[in-house]
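Grab a coffee and open the viewer: here are a few short exercises to work through. Try each task before reading its solution.

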Amino acid sequence: MQLILGQIIAGLSLGMIFFLISVGLSIVFGTLKVLNIAHASFYMLGAYLCYTVTHLVYKSQNMFWIALILAPVGVAIFGGIIELLVIRPMYKREFLYQLILTFGLIYIIADIVKLIWGVQFYQVDIPPQLQGTVQFLGTKLSYYHLFMIALGPIVLALIWVLLHKTKLGRIIRAVTYSRDMSSALGINVSLIYTVVFMFASWLAGLGGTLMAPMASVFLGMDGTVTIECFIIIVIGGLGSTGGAFLGAILFGLANSIGIIFLPKIAIALSFIAMAVVLIIRPWGLLGKPE
Amino acid sequence: MKKIFASTGLVFIIVLFLMIPIAKSQTKGLDLDNPIKIGYLNSFTGPAALGTAKDLPGLYLAIEEINADGGVLGRPLKLIPRDDKLNPEQALRETKDLVLNDKVFWVQGTLSSSAARAVSEYMRTQKKIFVIESAKSEKLTAEWGHRYVFRATNNAHMEAVAIASGCVKNFGPLKKIYNLSPDYEGGVSAWRTFFDAYKKLVPDAKLVGEAWPKLGTQEFTAYLTAILNSEAELLFTSFYQTDALTMLKQSIAVGLNGKIAMAGFWHGMIETVEKFNAEFYPKKTVANSVYPFWAIDTPESKIFVEKVKARQGVYPGYGACGYTFVKAMAESIKKVGSLDTEKVIDALEGAIVDSPVGKIEIRGCDHQAMWPSGVGLIGELPKWNMFATKNVILVGKEAYPTCEEIVKLRKR
């Protein structure tokens, strides 16, 4: 029993990390109708910026808190530039072109990272306030993981408030619903697209910044989470924020509980879950059929 | 649509033309010197480029020393590095170019075992020498071995045997083993070889749990809590480099570090240990590495480390093996007195060569350098101001399969 509880908590923490990484992907697809394969590259960029702020700007463990603010903003600005220069000319083209373009972006961003930070891999320390572990339901859990578990719902709430309680949110939802109608009503759709893309980049950057103290920062860290992000948003429903949240939790739990019962196929379980969802509800758990 | 294709094609052609003068000027320089050329394949891009950065300084040092000493047969050595992108096709393409156009005398390098195999098969048809460097699959010099392929480093099989003996020596006969290894060929075979070797030493050892996350996993917590709540006494893991560090971070976070003895396959490699410090190193961990220079007290080793450090500002890793083999090759060519590949192979077979880790035999039956694996318990080394393997034992020839076993494997 204690074992299962421990795994549930570990699975939740895994799910929350992947929620933060994948929700931006879902938002971009929902509004811009662009499947940004390079989304995880923004996550990697966030992790590298976190390293830069904590080690190169001023070396201190407490600098993590500054990095938590600066790094995602840096990624958002970078995302804005990418949207303006590269993605914008692609909206009117076929879907395939967008795929090829964003696929190419993975390599371009990887090369940019290599130019700036080299091939070395880096370590970021956990901030002193979040070091240590706590005994929880018979299993040990680090404060840092608790912090990440708590951040997931906060970010979900933040997105909900932004989309449903603000004027900008209403405009974004209108643009999501009908680009042409919004345009006819005098909404600057291009600007909204840039803002949404920047927000999604900010979320990916936040995920990368949060992951930096828990993992290694290295070239290729984007590739390992890309597939997971796709699984999660397919399970939850493309374009659905709540779906990404649900999908991430299911993904985390399938993974952590699968480890105990079916260790040899644990990493395949999430794929199986995705296949089942695609057969029964092709539009995802919380998505809407077209 | 057509316009796009046309303009893309144009740009491509312009780029091609721009590249011609560069290629020309390079070959011109070479012809004047008439050097003996060595083709070098490794990954210069992507995550594996760090290993190359630790390897190349060793090779360049060997070549520099040989050339300063009058070269080989009155000709200097020259390294031609190429990026194989860890990809068998790319490696093969580059090898063909090196052999046919650059007319290299031998090719050295590769990290990916599948790339190494592709190159090896090609070199067999060309009757040219191929020296494998960091590719570790034991099959390359066993089942798949042939007259024209050599290996300058140890292989995964012997390292697994070495770390098994290191575990028993440091921890005693622990019986309950948990395996946490990456879900790919290298991870599976490392575990299998380790467990076979371990069971020979501790016959009643049993597997109490296993998990197979993928290479590059960034969240190990679920695996680590499962291990923490299991009855395991010894954790075997063949996650290395960045994965090993990620795992270490999270195992400190969940309080696993030091609770269970660990066999960290390749955790003693310089790329990994140079990231360790007093708060951040795997406790109760037996690890291995190809060149634990901190534990080798010979003047040769000290001089080699100093030279590489002075040259590139890095500590050497695989470079020690590359360095040794380039020197061995130069000696063999000198001995033969000509660039006759067959005669040079005969001279290399069974040769005892000097290396930073002492005398090394290049075994005649499988062309495998009897390079040792340094196994020890990770701890503080105040003298070097670093955390790395302590009380290192160099496990050597005894961990390799015998020549009879190799012959049997090749017959199958």
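The exercises below go from confidence, to domains, to the chain contact, to helix packing.

**Exercise 1. Find out how far chain B can be trusted, and which stretch calls for care.**

Start with the basics: this is a predicted model. As a whole, it scores ipTM 0.82 and pTM 0.83. Next, look at chain B, where the pLDDT averages 88 and 92% of the residues score at least 70. Now hunt for the weak spot: residues 9-32 of chain B have a pLDDT below 50, and beyond near neighbours in sequence that stretch makes two contacts in the model. Where pLDDT is low, the predicted coordinates should not be read in detail.

**Exercise 2. Split chain B into its domains and describe how they touch.**

First, take the bounds from the domain assignment: domain 1 of chain B covers 31-154 + 299-371, and domain 2 covers 157-289 + 373-399. Second, check the spacing: the C-alpha centres of these two domains of chain B are 29 Å apart. Third, look at the contact, where nine residues of domain 1 of chain B meet eleven residues of domain 2 of chain B. On the domain 1 side, that gives four nonpolar, three polar and two charged residues.

**Exercise 3. Work out what chain B brings to its contact with chain A.**

Begin with the head count: 31 residues of chain B contact 38 residues of chain A. Then ask which elements of chain B give two or more residues to this side: they are α2 (49-68), β7 (206-211), α7 (221-228) and α8 (241-253). Finally, sort the chain B side by class, and you get 14 nonpolar, eleven polar and six charged residues.

**Exercise 4. Describe how α2(A) packs on α9(A).**

Get the geometry first: the axes of α2 (residues 39-57) and α9 (residues 223-236) of chain A come within 9 Å and cross at roughly 130 degrees. That angle makes α2(A) oblique to α9(A). The crossing is right-handed. Now pick out the residues: A:His39, A:Ala40 and A:Tyr43 of α2(A) meet A:Val225, A:Thr226 and A:Cys229 of α9(A). By class that's four nonpolar, two polar and no charged residues.

**Exercise 5. Do the same for α11(B) and α12(B).**

Here the axes of α11 (residues 319-336) and α12 (residues 341-348) of chain B come within 9 Å, crossing at roughly 115 degrees. α11(B) passes α12(B) in a right-handed crossing. From α11(B), the contact residues include B:Ala328 and B:Ile333, while those from α12(B) include B:Val344 and B:Leu348. The tally for this contact is six nonpolar, one polar and two charged residues.

Key. Residues numbered from 1 in each chain as written. Chains lettered and ligands numbered in written order. Predicted model: local features only at pLDDT ≥ 70, side-chain atom pairs only at ≥ 80, totals over all residues. Contact = placed C-beta atoms within 7 Å. Helix = DSSP H or I, 4+ residues; strand = E, 2+ residues; numbered from the N terminus. Nonpolar A, V, L, I, M, F, W, Y, C, P; charged D, E, K, R; others polar. pLDDT = per-residue confidence, 0-100. Domains from an automatic or database assignment. Axes fitted to C-alpha atoms, helices over the stretch in contact; angles between N-to-C directions. Parallel < 35°, antiparallel > 145°, perpendicular 65-115°, else oblique. Left-handed = near helix turned anticlockwise from the far one by under 90°.
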